[in-house]
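Here are my notes for your reading of the model, set out as numbered points. Please keep the coordinates open beside them as you go.

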Amino acid sequence: MRRKFRDYTIKRTCTKEYKDYHSYMKYLSEDFKHRCAYCNLLDTQITTPYEADHFIPEDVFKDEWPELKTLYANLVYSCKKCNGAKSNHYEGDITKRELKNELFYEPEQTDYGTVFYRGDDGGIYSDDEKGRDMITRLKLYRPIHNLAWICEKTKLTLEKLSTQIKEVGKESERGRLLCEAKEELQAYYDNCIAVFMANYNNNKFSL
């Protein structure tokens with residue numbers, strides 16, 4: 001079964017200009033809906049700070065087009081793992097001064113929801129040739145991305161169970177059954193999030 005990769009659009013709204021590109025982080029977070037543009041990880045799921053990826057890498061633009069270092073249109077909200085995997089990968093002609101990197105779809109211009117999808121296992125897949133190449137380059141095939149999706153969906157289910165319990169009452173027969181289900185699911189979630197956090201935050205883990 002195919003599941004949505006993301007169901008929102010990205011639009012850069014910041015009109016301010018800063019000398020330090022790190023100053024754009026709060027705007028990137030809002031414009032990218034608090035999610036990594038590449039893997040869709042929600043920034044509240046981890047404690048590792050998010051980063052500003054340069055869509056056209058600095059190694060490419062530093063001599064020909066240095067203004068790209070602080071140009072908001074060239075910045076992408078990214079988790080640490082995706083930013084590290086993307087690194088300085090680039091294909092194109094920087095002398096044309098176009099905000100294009102032929103190796104990747106620009107996340108504001110292209111709806112990643114039409115390029116990628118999730119499988120039942122939480123894995124990221126694509127029927128698009130460039131999309132599959134992006135999965136390889138960004139290492140979106142790693143199990144850590146499956147686990148992140150599973151953790152997020154499990155947390156959402158726990159929240160729904162809590163709402164249902166409040167509606168029917170803990171003392172009702174259905175309420176007691178829901179409480180038991182929630183308790184079991186909570187234990188599962190606690191294990192999943194512990195493994196996820198250990199792998200994500202510790203470079204010695206390679207999941």
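How many cavities of 30 Å³ or more does the structure hold?

1. The structure, which is a predicted model, holds one cavity of 30 Å³ or more. The volume of this largest cavity comes to about 30 Å³, and its lining is made up of C39, L41, K81, I144, H145, A148, F196 and Y200. Two elements, helix 5 and helix 6, give two or more residues each to that lining, with helix 5 giving the most, three residues.

2. The largest pocket is a separate item to inspect, and about 310 Å³ of space lies in it. It is lined by 19 residues, of which K4, F5, N40, E152 and K153 are the closest to its centre. Strand 1 and helix 5 each supply at least two residues of this lining, and the largest share, six residues, comes from helix 5. Helix 5 therefore deserves attention in both places, since it gives the most to the lining of the largest cavity and the largest share to the lining of the largest pocket.

3. Helix 6, residues 173-201, can be checked for its length. With 29 residues at 1.5 Å a residue, the helix should span 42 Å, counting one less than its number of residues, and because its end C-alpha atoms are indeed 42 Å apart, the expected and modelled values agree.

4. The buried residues of helix 6 are G175, L178, Y189, C192, I193, F196, N199 and Y200. What covers them includes helix 3 (80-86) and helix 5 (143-168). Two of these buried residues, F196 and Y200, also appear in the lining of the largest cavity.

5. Turning to the aromatic side chains, the count comes to eight aromatic pairs. One of them joins F5 and F116, whose ring centres lie 5.4 Å apart with the planes at 55°, so the pair is tilted. F5 sits in the loop between strand 1 (3-4) and helix 1 (25-31), while F116 sits in the loop between helix 3 and strand 4 (117-118), so this pair ties together parts that are 111 residues apart in sequence. F5 has a relative accessible area of 3% and is buried, and F116, at 2% relative accessibility, counts as buried as well; the cut-off for that word is under 20%.

6. A further pair is formed by Y50 and Y77, where the centres are 4.8 Å apart and the planes stand at 35°, so this pair too is tilted. Y50 lies in the loop between helix 1 and strand 2 (51-54) and Y77 belongs to strand 3 (residues 75-78), so the contact ties together parts that are 27 residues apart in sequence. Both residues are below the cut-off for burial, Y50 with a relative accessible area of 10% and Y77 at 5% relative accessibility.

7. Ring pairs also link Y18, Y24, Y27 and Y72 into a cluster, which can be viewed as a group rather than pair by pair.

8. Finally, two places where a charged end sits over a ring may be looked at together. The charged end of R2 sits over the ring of Y117, at 4.1 Å from its centre, and the charged end of K130 sits over the ring of Y105, at 4.5 Å from its centre.

Definitions and conventions
Residues are numbered from 1 along each chain as its sequence is written. This is a predicted model: local features need pLDDT of at least 70, side-chain atom pairs count only at pLDDT 80 or more; totals for chains, interfaces and linings use all residues. Side-chain values use heavy atoms; hydrogens and water are left out. Helices (H or I, at least four residues) and strands (E, at least two) are DSSP runs, numbered from the N terminus. Buried means under 20% relative accessible area, exposed over 50%, partly exposed in between (1.4 Å probe, protein chains only). Contact means heavy atoms within 4.5 Å. Rings of Phe, Tyr and Trp (its six-membered ring) pair if their centres lie within 6.5 Å; planes under 30 degrees apart count as stacked, over 60 as edge-to-face and the rest as tilted. A charge sits over a ring if NZ of Lys or CZ of Arg is within 6 Å of the ring centre and within 35 degrees of the ring normal. On a 1 Å grid over the protein atoms alone, a cavity is a set of points where a 1.4 Å probe fits but cannot get out, and a pocket is an open set with protein on both sides within 12 Å along at least five of seven lines; lining residues have an atom within 4 Å of a point. Grid points are joined across faces, edges and corners, and a volume is the space filled by probe spheres set on the points.
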